[in-house]
Amino acid sequence: MAQPDTKRFFENLTGAGKSIAVLTSGGDAQGMNAAVRAVVRMGIYVGAKVYFIHEGYQGMVDGGDNIEEASWESVSSMLQVGGTVIGSARCKEFRTHEGRLKAAHNLLQRGITNLCVIGGDGSLTGANLFREEWSGLLGELVQQGLIDEDAVQKYSALHIVGMVGSIDNDFCGTDMTIGTDSALHRIIEVVDAIMTTAQSHQRTFVLEVMGRHCGYLALVSALACGADWVLIPEMPPADGWEDKMCQKLSANRAGMKRLNIIIVAEGAIDCNNKPITTDHVKNLVVRCLGFDTRVTILGHVQRGGTPSAFDRILASRMGVEAVLALLETTANTPACVVSLCGNQSVRLPLMECVQMTQEVQKAMDEKKFEEAVKLRGRSFENNLRTYKLLAHRELESELPQSNFNVAVLNVGAPAAGMNAAVRSAVRVGISEGHKMFAVNDGFEGFYKGQIKEIKWADVGGWTGQGGSLLGTKRTLPAKHLEKLAEQMRINNINALLVIGGFEALECLLQLYEARSSYEEYCIPMCMLPATISNNVPGTDLSIGADTALNAIVETCDRIKQSASGTKRRVFIIETMGGYCGYLASVGGLAAGADAAYIYEEPFDIKDLQSNVEHLTEKMKTSIQRGLILRNENSNENYTTDFIYQLYSEEGRGVFDCRKNVLGHMQQGGAPSPFDRNFGTKISAKAMQWLSKKLKETFRQGRVFANTEDSCCLLGMRRRAMVFQPVVQLRDETDFVHRIPKEQWWLKLRPLMKILAKYKTSYDVSDSGQLEHVVRIRPKDSDVSA
């Protein structure tokens, strides 16, 4: 029996006759422009009139030229610009009833009853108050003779949708706010630079990062750079912390470490709610240890610069979702905020989120710090738990002794973030009481005996290193099972952690199959997906893919800028990825591409011709630069050269063409903050799972694990981290083309096309459900998906 089609498409939603206004308020954040661009283009696409409100609520109160109709072209070339081009201002007048009355009149003059507000909790609370007062404000305007009764009927309800733009990531209900990832990029760029000079002079650096009431930036940057100590408002150190910190710094120096990094959130406090300043920390280190110590306050550097690939994609997704929410809203729908949960956009009641955000501060004021951490949400809690696991080493005599040996190795092509994952695995494994072994050069090195014990200090400073310090090869184990089994016997390996791409999945499948012939493989095994191609089944994201996306986006920005001031030009850019079109598609969305050609979405000469004509039309009327991305294996006949020649010929007289093959620059470089953090957290979780499995499968003096659920891949699926038996992933996999049969990011392709002015279908099945804020989220799943 045929399954009913449950897909919903937004063609049924129309914005005809509606007016939408977009404003940015409060502090600026990188990515706000991407959100504004998405709201404007999606609004125009569905037939609505869209307005900019310049200078936030101040512009709404002042009216006049501050409220300006937006056109498709007016948001061109703003995707890569930091800050907010429509301006932001804090407005005292809007906090008064008279100010809101003026604002209502200014909106009604243009027929605006749909507001998209991008800002922090204060801006969103103000918007909700405005909405609640709306009918009363209309009544006052009628009494003053400024509007008539017909206008009251026509504009009876004000609809609000919020998006959180804040580098602090201090808003409850969303895993990430717009601007946070970019701010982390700025912090990590500075920390990486400082580390080289600190190393030279054996210095200690105390860095202050933003976060007056929220320690997210400090905590995640400490995780991402392997800082020695971090001080945040949600986790005040206990009395006597000064001595403990100095002991830790001294122990690290004794372990041949030439530098120390201490990260302090600007709102850091002790357990008596007394502020902890960078100068206090510096003076403490100098007085107690005599170390050469310097202070660096990052300040507004964290707000500046171009938005990261993550922030551009997040803001674009949220902007489109916000317009869909406004189209579907009714008079009874509460104001909502568009949030990110795991890898999915969700809508949550605005005031529930605001109230929970305020509860965090209340809990901190009342010194209920554990409650404050829980209220911050699962993302914050996981980061804090992982930092505690990795940062504070117990004395070896105090560690539990498990007598288990765990081997870690990298397989396949190198990916940024692999080293962070290895460091995390080694340190968590040692904390769990295991002996950790590092294998050089993947399974090739394994069967040759390139395996040795690795200690806590051996992985110091690995977090920010690109590539694979262990070495990695594509060799599969099938031809070397006998020699591998011998090495596992010699070294008494009881569990295996494999970090790699598609080859790693094939390796684990081969080892699982070999269990029937070799008892040595009847041990717990776990795989972490690490590949820039993001082509591993069982996970939405892979370690290394974010770094590659940032490399693509930064290069595309530079390439487009190279044509500024010249004649109209189109760039054809080839990306890596094998047969997986993730980098081309998501990179295209983040870079503002006009088209992205991929294997998963077959295309022919008619499609190419249609794209050329569409771009030619746009070039004649508005844009100066075009961007076309092509995945390296998208089509064996329509090569990058062919597409370049086609566009050159068909665009003759309108635009000229250039082509670039990005190549291995996508694989190199220091890992992005996201990849460092993702690799660290996912690896810590995998090691804890292996420890649990080792205890479960230890019988009569040996480990014996031969069930499906003892050989798993740990991946992110929508909203949760999930352990999935690799055998069950076999049916989800296209082994010929080395890609999953279903890929979540294909749903983002219509979004890219809409923002490039193509008519297309957009599946909104996942949208439209207003959820509620979950106070205590379910624990990450340990079961098969």
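Trainee: Helix α6 (residues 180-201) packs against helix α7 (residues 216-225) at an angle of about 50°, their axes 10 Å apart. Why is α6 called oblique to α7?

Mentor: Angles under 35 degrees count as roughly parallel, over 145 as roughly antiparallel, 65 to 115 as roughly perpendicular, and the rest as oblique. The angle here is about 50°, so α6 is oblique to α7. Bear in mind that this is a predicted model, where local features need pLDDT of at least 70 and side-chain atom pairs 80 or more, while totals for chains, interfaces and linings use all residues. Residues are numbered from 1 along each chain as its sequence is written, and side-chain values use heavy atoms, without hydrogens and water.

Trainee: Which residues make the contact?

Mentor: Contact means heavy atoms within 4.5 Å. From α6 you get Thr180, Ala183, Leu184, Ile187, Ile188, Val191 and Met195, and from α7 Tyr216, Leu217, Val220, Ser221, Ala224 and Cys225. They divide into eleven nonpolar, two polar and no charged.

Trainee: Next, Ser339 in strand β10 (residues 336-341). What makes Ser339 buried or exposed?

Mentor: Buried means under 20% relative accessible area, exposed over 50%, and partly exposed in between (1.4 Å probe, protein chains only). Ser339 has 0%, so Ser339 is buried. Leaving out residues up to four places away in sequence, Ser339 touches Gly173, Thr174, Met318, Gln344, Ser345, Val346 and Leu348.

Trainee: And Val726, in helix α23 (residues 726-729): buried or exposed?

Mentor: Val726 also comes out at a relative accessible area of 0%, so call Val726 buried. Beyond four places in sequence, Val726 touches Leu505, Leu508, Leu509, Cys711, Cys712 and Leu713. Check Cys526 as well: Val726 and Cys526 are 200 residues apart in sequence, with 9.1 Å from C-alpha to C-alpha.

Trainee: How many disulfides does a search of the whole structure find?

Mentor: Zero. A disulfide is a pair of cysteine sulfur atoms within 2.5 Å.

Trainee: How do you know whether Cys336 is in a disulfide or in none?

Mentor: Look at the nearest cysteine sulfur, that of Cys116: 9.3 Å away, and Cys336 is in no disulfide. Cys336 has 5% relative accessibility, so Cys336 counts as buried.

Trainee: What is the nearest cysteine sulfur to Cys657?

Mentor: That of Cys556, 14 Å away, and Cys657 is in no disulfide. With a relative accessible area of 4%, Cys657 is therefore buried.

Notes: Axes are lines fitted to C-alpha atoms, for helices over the stretch in contact, and angles run from 0 to 180 degrees between N-to-C directions. Helices (H or I, at least four residues) and strands (E, at least two) are DSSP runs, numbered from the N terminus. Ala, Val, Leu, Ile, Met, Phe, Trp, Tyr, Cys and Pro count as nonpolar, Asp, Glu, Lys and Arg as charged, and the others, Gly among them, as polar.
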